[in-house]
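Colleague: I should be grateful for a close look at a single part of this structure, namely the surroundings of the ligand. Which residues surround the ligand, and where do they lie?

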Amino acid sequence: MLKTNPARENIKRGTTKAHSPLKLYNPNGNTGSPRSESPLKAASGINPPPPVLTRPSSPLRCKSPVRDSANVKVAVRVRPLIAEDAEVSCLLSMAGQDTFLSPDPTSTRQQEKRSFTFDKSFWSASKDSNFASQEDVYELFGKEFLDHSLEGYNTCIFAYGQTGSGKSYTMMGTESEPGIIPQLCSDLFERIEQLQGISSVSVRASFCEIYNEQVRDLLSNAKTSTNLKIRENSSREPYVEGLSEFTVKNVAQVLKYLKQGNAIRATASTNMNSHSSRSHAVFSLEIRQLTYEDGGTEEKRSLLRLVDLAGSERTNATGATGQRLREGSNINKSLVTLGRVISALASDRRSTLQVIPYRESVLTRLLQDSLGGNSKTAMIACISPTNYEQTLSTLRYAVQAKHITTEARVNQDRIDSEQQGAQIEEMQKRLNDLQLKLSKRDQPDESSVIAKVAATVRFYEDRAALLEARCRKLEQQNDLLTDKLERTAQILRTSGQSLAATGVDRIQALISEYTQFGQTLSQDRETVSNRLDYWTAILEAM
Ligand SMILES: Nc1ncnc2c1ncn2[C@@H]1O[C@H](COP(=O)(O)OP(=O)(O)OP(=O)(O)O)[C@@H](O)[C@H]1O
């Protein structure tokens, strides 16, 4: 049965790039034979090329993880007055990190002006000197979390606030005024560009919403893409089972998926917001960096979560009835649970035995790690300039969030060459098994075969990325040597000395060695690329 799945299309598109041939310098046109032991490291100061990976053996060597315990970072952003505001007097002011809330104009009680201090306070009246643009919000608040992600930490930025307070504007933004998510994506691909030659970076995107307490895939139209279940992986981290993931190679691709997901996200018009989000949206990027070093591979992984929550709302203010009312009460219910989780995590009297009510809503279950575990987390509290009660409630939430401490660790492994060999062999066995299954007509469980083929494609994507990183490293080393050789030869020619007498021949030999290794690597790269195409085609046809 043929089904179309954009994920597979993407996998295909994302991986069939043209290979640049490995540029290697060979002064004599002679590749020479590789030596068993290179005497040349001292001459060049550069390590000789490692052997091609084939043999199985020792276990994965994990570095002891770098940990960082830090408080949730909290910023507050007030939006400007808009047409939907019933009141016109602004109750807020900001100075530096401080936010001030004037007394409730509808209360007869004597009240003081309240003040709150956060990591950042962003003001939005464009004529004021402390106006913070979308770029400012990203540069001063969002960017740091991209840095952490590239260091290997899981990160999360979530926007919280009442309906119509500017969460979607802050996280998604508009075409002309992009918010944190599109700016971060574009920055990410610029950073990947800068890492070229150092690491090979792969990015996968996924996008889901939590609507009426059910998880729905925003990047798939398949019937099975609603009511997805949250499961725990072997490290006890929650994930959405069956959520489609896309390999993204550039900012245009990632923005396309963001747009596609936003287009089907549940929104509706209410009295408070003509384009109100009726669901919590979670956009995730999985970033993997592979760096080839000293005969092994360093791998850093991070999960970056960007969350645009639905807004809390008062039924009488939104004028909701029927379906809108049901949505509103589910939104409020999950936000109340989020509030209880935040309050429990922030509590001074928190004991290790205390149960944090993560499981009481789908939202807190999914964000469990981001809120109280292995993540560096930020909250941007969005507030309206006119609504006293809701603004005060949001600011109180934000104050509690500041007291949450998460313990993030760098997700880093080192896999040595032998371990890679073992993985390749193990995968080869599984592939033979899979090929056998595919050749049989009646497959017992189609979805498990699809999952296995998808895992195979992923495996070859990883290998292709790794070989790419090694080829680049080799190219760099070769360029360096070639340069050295040319400069030395020039000096010798000018001084009338013979090349053989000086050790230049040793550099030449090393270049030959690299050349041959580069050719083997290029062949490996070609084989992996062909296998990747083969399995991608199978996946597409399923
Ligand atoms: N900082 C800002 N500058 C200019 N306009 C803003 C700003 N913040 C919000 N707005 C405008 O205010 C309106 C409501 O914002 P938005 O839709 O982002 O709110 P929301 O908190 O996501 O609401 P909901 O929870 O109902 O989805 C939109 O028209 C948006 O363009």
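Modeller: What follows begins at the ligand, moves to two annotated residues, and then turns to the cores and the domains.

The model is predicted, and every statement below should be read with that in mind. The shell around the ligand consists of 19 residues, and the closest are Arg79, Gly166, Ser276, Ser277 and Gly311. Two elements give two or more residues to this shell: helix H4, which spans 167-171, and strand E14, which spans 276-277. Helix H4 provides the largest share, namely three residues. By class, the shell is made up of twelve polar, five nonpolar and two charged residues.

One of the closest residues, Gly166, also appears in a database record. The unreviewed UniProt entry carries the annotation "binding site" for Gly161, Gln162, Thr163, Gly164, Ser165, Gly166, Lys167 and Ser168. Two of these residues deserve individual attention.

Thr163 is found in the loop that joins strand E7 (155-161) to H4. Is Thr163 buried or exposed? Thr163 counts as buried because 26 other C-beta atoms lie within 10 Å, and the threshold for this class is 20 or more.

Lys167, by contrast in location, belongs to helix H4 itself. Lys167 is likewise classed as buried, because it has 27 C-beta neighbours inside 10 Å. If neighbours within four places in sequence are left aside, the contacts of Lys167 are Ala159, Gly161, Asp308, Leu309, Gly311 and Cys382. Of these contacts, Gly311 is also among the residues closest to the ligand.

The wider setting may now be considered. The largest nonpolar core contains 85 residues, and those with the most contacts inside it are Val76, Ile181, Met379, Ile380, Ala381 and Ala398. Strand E8, residues 200-211, gives the most to this core, contributing seven residues. Val76 illustrates how such a core residue is surrounded: beyond four places in sequence, Val76 touches Thr99, Phe118, Ser121, Phe122, Ala381, Ile383, Leu395 and Ala398. Another core, of 24 residues, lies apart from the largest one and includes Val457, Leu481, Ile511 and Val528. As a general point, nonpolar side chains tend to be buried together in soluble globular proteins.

Finally, the domain assignment divides the protein chain into domain 1 (33-57 + 427-541) and domain 2 (67-410). Where the domains meet, eleven residues of domain 1 are in contact with twelve residues of domain 2. On the side of domain 1 that touches domain 2, there are five charged, four nonpolar and two polar residues.

Technical notes
Residues numbered from 1 in each chain as written. Predicted model: local features only at pLDDT ≥ 70, side-chain atom pairs only at ≥ 80, totals over all residues. Near = placed C-beta within 6 Å. Helix = DSSP H or I, 4+ residues; strand = E, 2+ residues; numbered from the N terminus. Nonpolar A, V, L, I, M, F, W, Y, C, P; charged D, E, K, R; others polar. Core = buried A, V, L, I, M, F, W, Y, C linked by C-beta atoms within 7 Å. Buried ≥ 20, exposed ≤ 12 C-beta atoms within 10 Å, placed from the backbone. Contact = placed C-beta atoms within 7 Å. UniProt positions renumbered as here; feature names shortened; annotations may be inferred. Domains from an automatic or database assignment.
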